[in-house]
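Here's a quick tour to help you find your way around a protein fold. Have a look at the chain first, then follow the bullets below.

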Amino acid sequence: MLEIGKDLAQAIRDEGEKVYPNECCGFVLGTFHEDGRRKTGDVFPIDNAREAEEQYHRFKIEPEDFIRVEKEARARNLDVIGFYHSHPDHSARPSDYDRQHALPFYSYLIVSVEGGKAHGLTSWELAADRVAFMEEKIIWQ
Ligand SMILES: [Zn+2]
């Protein structure tokens with residue numbers, strides 16, 4: 001279960017629209033709670049690390065980005081709780097590529113951007129056996 005404020009959800013939508021027709025991507029920072037909830041505290045956009053010609057359909061986060069962002073999150077008493085990216089002209093459902101490159105445990109937020117306009121925002125969690133993504137319930141704050 002992921003809690004996210006409308007302002008942070010809007011920030012993801014805005015970024016998805018801004019970089020359209022490319023994919024935006026970034027980190028989701030927040031806190032883990034004992035009842036399984038994750039509470040979003042901030043979002044952290046990163047530059048698309050892929051080659052320019054591939055940007056429209058593939059996002060990638062480099063390990064050095066992860067280390068840098070995790071350090072910044074820690075300094076603010078936050079953790080990396082997941083990642084977000086946009087699907088230009090595709091539904092807000094994870095692709096096979098997304099599944100193959102995902103890690104269990106984190107939340108994967110996807111915003112669909114159709115014709116430059118952001119629509120649905122969904123969150124997904126990889127099954128422990130990595131075979132499937134399960135949609136995660138979002139609690140709007
Ligand atoms: Zn994707």
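Let's start with Phe133, which is buried because 20 other C-beta atoms lie within 10 Å, and 20 or more is what it takes to count as buried. Keep in mind that you're looking at a predicted model. From Phe133 we'll move to the strands around it, and then on to a helix.

**Phe133 and its surroundings**
- You'll find Phe133 in strand β7, which covers residues 133-136.
- Leaving aside residues up to four places away in sequence, Phe133 touches Pro94, Arg99, Trp124, Glu125 and Leu126.
- Asn77 is another story: it sits 56 residues from Phe133 along the chain, and the C-alpha atoms of the two are separated by 28 Å.

**Strands β5, β6 and β7**
- β6 and β7 run antiparallel and are joined by 4 bridges.
- One pair to look for here is Glu125, which stands opposite Met134 in β7.
- The hairpin that β6 and β7 form has 6 residues between them, and Arg130 in the turn has a positive phi of about 65 degrees.
- β6 also pairs with β5, in the antiparallel sense, over 7 bridges.
- In that pairing, Val113 faces Ala118, which belongs to β6.
- Between β5 and β6 the hairpin has 2 residues, and Gly115 there takes a positive phi near 60 degrees.

**Strands β1, β2 and β3**
- β1 and β3 run parallel, with 2 bridges joining them.
- Glu3 has Lys39 in β3 as its bridge partner.
- Strand β2 (residues 25-32) pairs with β3 too, in the antiparallel sense and over 7 bridges.
- Lys39 turns up again here, since Thr31 stands opposite Lys39 in β3.
- The β2 and β3 hairpin has 5 residues between the strands, and its Gly36 takes a positive phi near 95 degrees.

**Helix α1**
- α1 is made of 14 residues (6-19) and reaches 20 Å from its first C-alpha to its last, close to the 20 Å expected at 1.5 Å a residue.
- Which residues of α1 are buried? They are Leu8, Ala9, Ile12, Arg13, Glu15 and Gly16.
- These buried residues cover an arc of only 160 degrees around the axis, so they end up on the same side of α1.
- An α-helix has 3.6 residues a turn, so residues three or four places apart point the same way.
- Over on the other side of α1, Lys6, Asp7 and Gln10 are exposed.
- What do the buried residues of α1 pack against? Their partners are β1 (2-4), β3 (38-45), β4 (79-88), β5 (107-114) and β6 (117-126).

Conventions
Residues are numbered from 1 along each chain as its sequence is written. This is a predicted model: local features need pLDDT of at least 70, side-chain atom pairs count only at pLDDT 80 or more; totals for chains, interfaces and linings use all residues. The expected span of a helix is 1.5 Å times one less than its number of residues. A residue is buried if 20 or more other C-beta atoms lie within 10 Å of its own, exposed if 12 or fewer, and partly exposed in between; C-beta atoms are placed from the backbone. The arc is that of the directions from the helix axis to the C-beta atoms. Two residues are in contact if their C-beta atoms, placed from the backbone, lie within 7 Å. Two strands pair if DSSP finds at least two bridges between them.
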